[in-house]
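Biologist: I would like a close look at one part of this model, the place where two helices pack against each other, and I would be glad if you set that part in the context of the chains around it. Please take your time and go through it step by step.

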Amino acid sequence: MPGKVHVQTTINGEAAEYLCEPRQSLLEVLRDVLYLTGAKEGCNNGNCGACSVILDGRLVNSCLVLGAELEGKSLETIEGLADPDQLHPIQDAFLENAALQCGICTPGFIMAAKALLDQNPNPTEHEIRYWLAGNLCRCTGYDKIVRAVQDAAQTTS
Amino acid sequence: MAEKKDYKVVGTRPIRHDGLDKVTGRALYGADFQTVGLLHGKVLRSPHAHARIKSIDTSRAEAYPGVRAVVTAKDFPAVEDKIADLGEGAANVKDLQDNVLAGEKVLYKGHQVAAVAAIDPHTAEEALELIDVEYEVLPPVIKVLDAMKEDAPLLHEDMRTDEMGEQSEKPSNVASHFQHKQGDPEKGYAEADVVVEQEYTTETVHQGYIEPHNATALYNPDGQLTIWCSTQGAFAVREQVSEILDIPVSKVKVVPMEIGGGFGGKINVYIKPIAAMLSQKTGKPVKVLMSRADVFEGTGPTPGSYVRVKMGATNDGRITGAEAYLAFEAGAYAGSPVGAAAFCVFSPYKIENAQVDGYDVVVNKPKTAAYRAPGATNAAFAAETVIDEICEKIGMDPLEFRILNSAKEGDIRVDGPPVPHVGFVETVEAAKDHPHYSAPLEGENVGRGVASGYWPNFGMKSSVVINVTADGTISLVEGSTDIGGTRASVAMQAAEVLGIPAEAVTPSVADTDSVGYTAVTGGSRTAFATGYAAYEAAQDVKGQMVERAAKLWEVDAEEVQFADGVFSTVNGKEHEIDFKGLAARLDETGGPVVGRGTADPNQPGPSIGLHVVDVEVDPETGKIDILRYTATQDAGKAIHPSYVEGQIQGGAVQGIGWALNEEYIYNEKGEMTNASFLDYRIPTCLDLPMIDAVIVEVPNPGHPFGVRGVGETPIIAPPAAIANAVYRAIGIRMKELPMSPGRVLQAMGKI
């Protein structure tokens, strides 16, 4: 086993550094090294989206990125979304619309919705459904999630 | 006893109490648990569907750097053959143990065989490859009808059939056969103008919760075991671990973390006893997490089944007789939900001449577990499509047919008990009146179908403690893990009693040492039974607060009344104080007020629903699209309507997945070949329209606010409703689930 890699990066707007094994995924680094456990492991192979984060402005599954790849990049996670005194409008919309049940997929959905609204502030219902199809929710049937994103789009645009 | 009145809190839609933690990523689920000195466990699983274990050599793994312990079935204490009650179903303790770590045989691919604890997960994984297991591979049997054949390979060489109470002489894979009968079906068919008989098959499907199973255990030298985990029932984990490891229940403390979905699948234990055994060997806390493939291959799905239904009716639409033959795959050990299927299959209807036969059959698949109205969906797929065929033959509207044949309160169900007060007709009427049912259908290959679903619901035990805080709020401690918003729906019932806002309640889910016994979050029981316990605890608080007000005003307690959140003297209301004001003065009237409530309510009140769906079938690909979906359901009284709608929508979509895509696909060796979310395809939001959930409220007389559980019913109707819609679209009756594109093309004769 080769030694650990030293990574210098930006996480939620702040400079961060860590040591990780070359084989550790970004999801493992977030959860086991940095204790940012808002990203969840649902499948570990890119099918469920519970570990969604935004890397250099792009929505990715953190289980499909290596921790060592973060060098020099900028990462947004669910932990960085709210201000100290105010939730992000997407978070508020999820609460208002009861768009979560067990909540395990919620951080991933919220990050995916943010990535969508960052580049398309007024999506149609179909665009929302298309964009969020990489995130699985087993509890809600998606109805209230789609409505929450529609609401958030109205608030933010 | 349901009070009919205007509620202040019940029926409103407050923000759920645990919401903020869950939208900020701060809520701690089982896998998020951390502690110092943690070791990581991994489990070796059987690569074979059926094999005898000739030997296990763990010496190379034990010698691997970083490995701290290895366990196999040899490390289990000897246990007696006995049945443990798990809340939603019972199980033989020896079977539970054998399922956790295989003894003499492995009975399905994915069966747990050994486990390693090491300094990190990767080291543990590497060490698994150094465990040498010698197998004698045996022929597997995967399908229920194959397993029932006389010459089928036997899973358990000593298992005899319980044939309606008698033990069979020869060993068999059929664990039991039971029968319910009333009247004479043959006589019923003789009176009928139309008799329809059809056969149906369904494949194994999984609950598909997004969070894999997890457990962290710490065993202390004084014999005290603590387990942090995601579970539907902390007390059910305590009982199972106590039985499997032969530790007194008082020595096992289970701390329920947040849970990422369960649907019945997180009641049985798999890795929790393993984490405990590894901790016992190492003296360190040990965390074990399942992978997604482990979840599919190693945890209980819901059965594949063969169902035959025969039904006769007169030309004017009266059911004269019916029979159901239900053969369910239990998985590797006895105990499928065929019993529940039997009491649901005809329950919405009044049928004087009926017979139901149920068979519980072991096959080389993971031991099945509960899944949302377990058994009912398989049965309803058959019964509700046979009804549709009868309606078509006699030319009657399927909703009118259901109203005509609906069972009324007091009618006797085929399995014996009378039908309680239930809003079946009301849900059918709601569907009939909904604009969806009369909306025109446009285009080719489109069709509309309906079906109903019935679930009896469960009560069971719950405990709640309420502490009054000096600022006029209350803390509410409960034992029910919150999977879908029950902190809110339980808290709201206490708030209603005490005349305070929902936000003035701080609910928390406690560990097994910190709250009274509480059964699983399952059986659609939490808002009903734990809500009932919260109601009782709030009544207790109310009584104590009345005494405090009396003390304050130096009057008798009988002279104090409480209404709309205000305590006052009965005569002339010369004294008045609201809940908040009185809470601030507890110190001068005797100190803290703590209320307690326990419940074991026996009238859960069935919930019933009627679903309407429009589909379009692509004749070239066989793909079925859901165009529009409406689900009505009797909720008794919806405490928090948003989360009741959420249950209906989520359950309907699980049913849609079961109908269209989901199945365990096996090869000839009995290996599941699609153990990932890519290949076991659950619905995504792109596959669906909005789901219109229509709440019908026919109060349950067995609950103070009229609550009926709502969680399970909505999964039952979708496969039959969709099959009926497909028939209207392309004229073909689908009799196999899932109705995947390949099966549709096959049924259309195109492949």
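Modeller: Let me begin with the chain that holds the helix pair, keeping in mind that this is a predicted model. Chain B has 20 helices and 30 strands, and its radius of gyration of 27 Å is close to the 27 Å that the globule rule gives for 751 residues, so chain B is as compact as a globular protein of that length. Taken along the principal axes, the C-alpha atoms of chain B fill a box of roughly 85 × 75 × 50 Å. Of its 751 residues, 60% count as buried, and among contacts in chain B between residues at least 6 apart in sequence, 81% join residues at least 24 apart.

Within this chain, the part you asked about is formed by helix 15 (residues 486–498) of chain B and helix 16 (residues 526–553) of chain B, whose axes come within 8 Å and cross at roughly 30°. Because angles under 35 degrees count as roughly parallel, that crossing angle makes helix 15 of chain B roughly parallel to helix 16 of chain B. The crossing in which helix 15 of chain B passes helix 16 of chain B is right-handed. On the side of helix 15 of chain B, the residues that take part are Thr486(B), Ser489(B), Val490(B), Gln493(B), Ala494(B), Val497(B) and Leu498(B); they meet a set in helix 16 of chain B that includes Thr526(B), Ala527(B), Gly531(B), Ala534(B), Tyr535(B), Ala538(B), Val541(B) and Lys542(B). By class, the residues of this contact divide into 10 nonpolar, 7 polar and 1 charged.

Two loops elsewhere in chain B have backbone features that you may want to inspect in the same view. The peptide bond from Leu737(B) to Pro738(B) is cis, with omega near -5°, and Pro738(B) lies in the loop between helix 19 (718–730) and helix 20 (741–747) of chain B. Met164(B), in the loop between strand 9 (160–163) and strand 10 (166–171) of chain B, has a positive phi of about 50° although it is not a glycine. With 10 C-beta neighbours inside 10 Å, Met164(B) counts as exposed.

Chain B also touches chain A, in a contact that takes 42 residues from chain B and 44 residues from chain A. Helix 1 (19–23) and helix 18 (641–660) of chain B each supply at least two residues of the side of chain B that touches chain A, and helix 18 of chain B gives the most to that side, with 7 residues. The side of chain B that touches chain A has 20 nonpolar, 17 polar and 5 charged residues.

As for the partner, the secondary structure of chain A comes to 5 helices and 5 strands, and from the N terminus on its elements run β-β-α-β-β-β-α-α-α-α. The radius of gyration of chain A is 16 Å, close to the 15 Å that the globule rule gives for 157 residues, so chain A is as compact as a globular protein of that length. Of the 157 residues of chain A, 58% count as buried. One of the buried residues is Asn44(A), with 21 other C-beta atoms within 10 Å; Asn44(A) sits in the loop between helix 1 (26–33) and strand 3 (52–55) of chain A, and its phi is near 65°, a positive value in a residue other than glycine.

Terms used. Residues numbered from 1 in each chain as written. Chains lettered and ligands numbered in written order. Predicted model: local features only at pLDDT ≥ 70, side-chain atom pairs only at ≥ 80, totals over all residues. Axes fitted to C-alpha atoms, helices over the stretch in contact; angles between N-to-C directions. Helix = DSSP H or I, 4+ residues; strand = E, 2+ residues; numbered from the N terminus. Parallel < 35°, antiparallel > 145°, perpendicular 65-115°, else oblique. Left-handed = near helix turned anticlockwise from the far one by under 90°. Contact = placed C-beta atoms within 7 Å. Nonpolar A, V, L, I, M, F, W, Y, C, P; charged D, E, K, R; others polar. Rg over C-alpha atoms; globule rule 2.2 N^0.38 Å. Buried ≥ 20, exposed ≤ 12 C-beta atoms within 10 Å, placed from the backbone.
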